[in-house]
Amino acid sequence: MKTSTIVAATVGTIAVATIGYAIYFDQKRRNDPDFRRKLKKEKKRALKQQKEEEKKKVTKTAKTVEEALASIKEDEFPTSMEAREKFCMEQLSTGEAHFTRGPEGYDTAAICFYKALKVYPAPAELVMVYQKTIPPEVFTLVMGMLSMDVHKKQEKYYTIFPPKEMNVKVDELPEGITAEGQKVVRRGLFVTKDFAAGETIYSETPIISSLEPSLEGKEFCHYCLKQIAAEDRVRCATCSKVVYCSETCQKTATTEFHAVLCTKDSEDASTPERALYDYTKETNNKYPEMIAKFLVRMVHEETLNSGEEYNLFDHIERLRFLEVRPSAAEEKEISLLKVALGSKIPGIEEFINEERYLTLKGKLLYNAYGISTSLDADRSVEPSPEQYRSVHDAPVVGAGFYRVTSYVSHSCDPNAKIVFLEHNNNMSVVASKDIKAGEELHVGFIDQKNGTLSTEQRRQELFQHYRFKCMCPLCESSQ
Ligand SMILES: [Zn+2]
Ligand SMILES: [Zn+2]
Ligand SMILES: [Zn+2]
């Protein structure tokens with residue numbers, strides 16, 4: 001069970017095979033004449049008891065929650081879809097049997113309901129069902145377990161992410177003190193072993209990436225951004241707006257987001273997918289489309305409930321972002337996204353509120369990297385007005401949002417560079433100097449025009465785009 005799953009679950013689910021057990025309690029109420037009576041009686045009793053025990057409850061709950069969580073082992077949870085469904089049903093009915101026994105069965109009941117939540121594909125819906133059907137004390141216990149679990153998971157995140165084999169870790173560094181005397185920290189990425197100049201430290205594929213709108217549908221892959229020879233182009237089965245480098249990219253893109261966003265070549269130019277596509281082309285802005293792709297991919301991932309400990313939302317919620325002030329453009333983008341996704345993903349309209357949209361956009365603006373995959377070094381690409389970390393000599397054909405490399409900080413005299421060795425969106429971070437284990441990685445966020453920019457100019461540009469004053473050794477030494 002994940003914090004972000006709860007958030008994401010307000011999005012609802014795309015058709016899932018497991019939808020059947022959402023109505024478990026309803027069926028139970030209809031088919032079992034005793035159930036209603038028992039429940040009513042139980043609720044009445046619980047309410048009375050709740051008042052009497054209000055004082056001791058808080059400490060007792062915390063202790064019970066702690067013990068209950070400790071009694072659950074990760075390997076208890078099945079992995080296959082059918083097994084998870086069966087497991088969930090068992091937990092629901094066992095939990096119910098326990099709470100109908102009365103207060104002595106509450107702790108065990110809570111554990112069962114909590115376990116059912118862990119495997120249920122739309123946890124937020126199940127929480128709502130619980131709220132209406134199980135005794136308040138059991139509900140409090142379940143929610144207590146959930147929040148403690150979430151808290152533990154938050155703390156654990158940086159101990160398992162990034163994965164060890166990437167040779168880097170995220171650490172906190174002091175970054176001065178606020179006017180109120182509070183410590184400010186920033187996160188950076190540190191290597192865990194020595195690297196010689198020229199060595200690749202790690203590679204990663206983006207959460208989401210997009211081509212510059214002017215390149216879409218021609219000679220670059222819609223999914224991996226690779227340049228494709230005319231004879232190798234794979235088309236979308238339902239639209240002529242995008243092309244792929246391979247069947248694999250076509251299939252993956254379709255599953256992850258394109259099935260929802262495809263314009264489907266309809267005669268009707270007023271479809272919502274078409275409106276989003278046209279907006280992207282007209283404004284030459286790709287971030288609204290990237291946010292749409294991200295949301296669809298997130299919902300897709302949620303419905304899989306693959307057992308992955310951290311989902312897309314967990315990964316991005318910790319990243320820095322630029323504050324974006326709402327303007328008419330963002331208002332328009334929000335409404336385009338709501339309409340384009342709304343009919344296919346129940347609940348997404350409520351999910352895409354102004355705050356969430358602006359935060360997502362701010363995360364893209366702060367963290368996205370330009371991607372260079374063009375085989376033609378002199379290619380001129382119509383520049384998009386949206387910023388990205390520009391660390392390339394080669395022409396940029398799109399932008400990507402990366403889980404790990406987002407943590408790399410800027411320096412005007414960096415020790416690493418971004419390279420696209422396979423000429424697709426798979427990014428490699430390569431040492432440009434010798435780096436010792438424990439040192440922080442730095443890349444340059446801005447184009448320094450071959451070192452011709454003065455400290456003042458660099459600082460100004462960085463402040464304008466990323467809103468920080470560069471304190472790198474190069475800037476500090478030229479003071
Ligand atoms: Zn591709
Ligand atoms: Zn299509
Ligand atoms: Zn600097």
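**Two zinc sites in the predicted model**

The 4 donor atoms around the zinc ion (ligand 2) subtend angles of 106 to 113°, and the arrangement is therefore tetrahedral, a label given to four donors if all angles lie between 85 and 135 degrees. For four tetrahedral donors, the ideal angle at a metal is 109.5 degrees. The structure is a predicted model, in which local features need pLDDT of at least 70 and side-chain atom pairs count only at pLDDT 80 or more, whereas totals for chains, interfaces and linings use all residues. Side-chain values use heavy atoms, with hydrogens and water left out, while residues are numbered from 1 along each chain as its sequence is written.

Coordination of the zinc ion (ligand 2) is provided by Cys-236 (SG), Cys-239 (SG), His-258 (NE2) and Cys-262 (SG) at 2.0 to 2.4 Å, donors being N, O and S atoms within 2.8 Å of the metal (3.2 Å for Na, K and Ca). Along the chain these donors follow the spacing C-x2-C-x18-H-x3-C. Distant parts of the chain are linked by the pair formed by Cys-239, in the loop between β5 and β6, and His-258, in helix α8, which lie 19 residues apart; helices (H or I, at least four residues) and strands (E, at least two) are DSSP runs, numbered from the N terminus. Both Cys-239 and His-258 are buried, that is, under 20% relative accessible area with a 1.4 Å probe and protein chains only.

The zinc ion (ligand 1) has as protein donors Cys-221 (SG), Cys-224 (SG), Cys-245 (SG) and Cys-249 (SG), lying 2.3 Å from the ion, and its site is tetrahedral, with angles of 104 to 116° among the 4 donor atoms.

Definitions and conventions:
Chains are lettered from A and ligands numbered from 1 in the order in which they are written. Four donors count as tetrahedral if all angles lie between 85 and 135 degrees; four count as square planar and six as octahedral if opposite donors are over 155 degrees apart and all others between 65 and 115; anything else is irregular. Buried means under 20% relative accessible area, exposed over 50%, partly exposed in between (1.4 Å probe, protein chains only).
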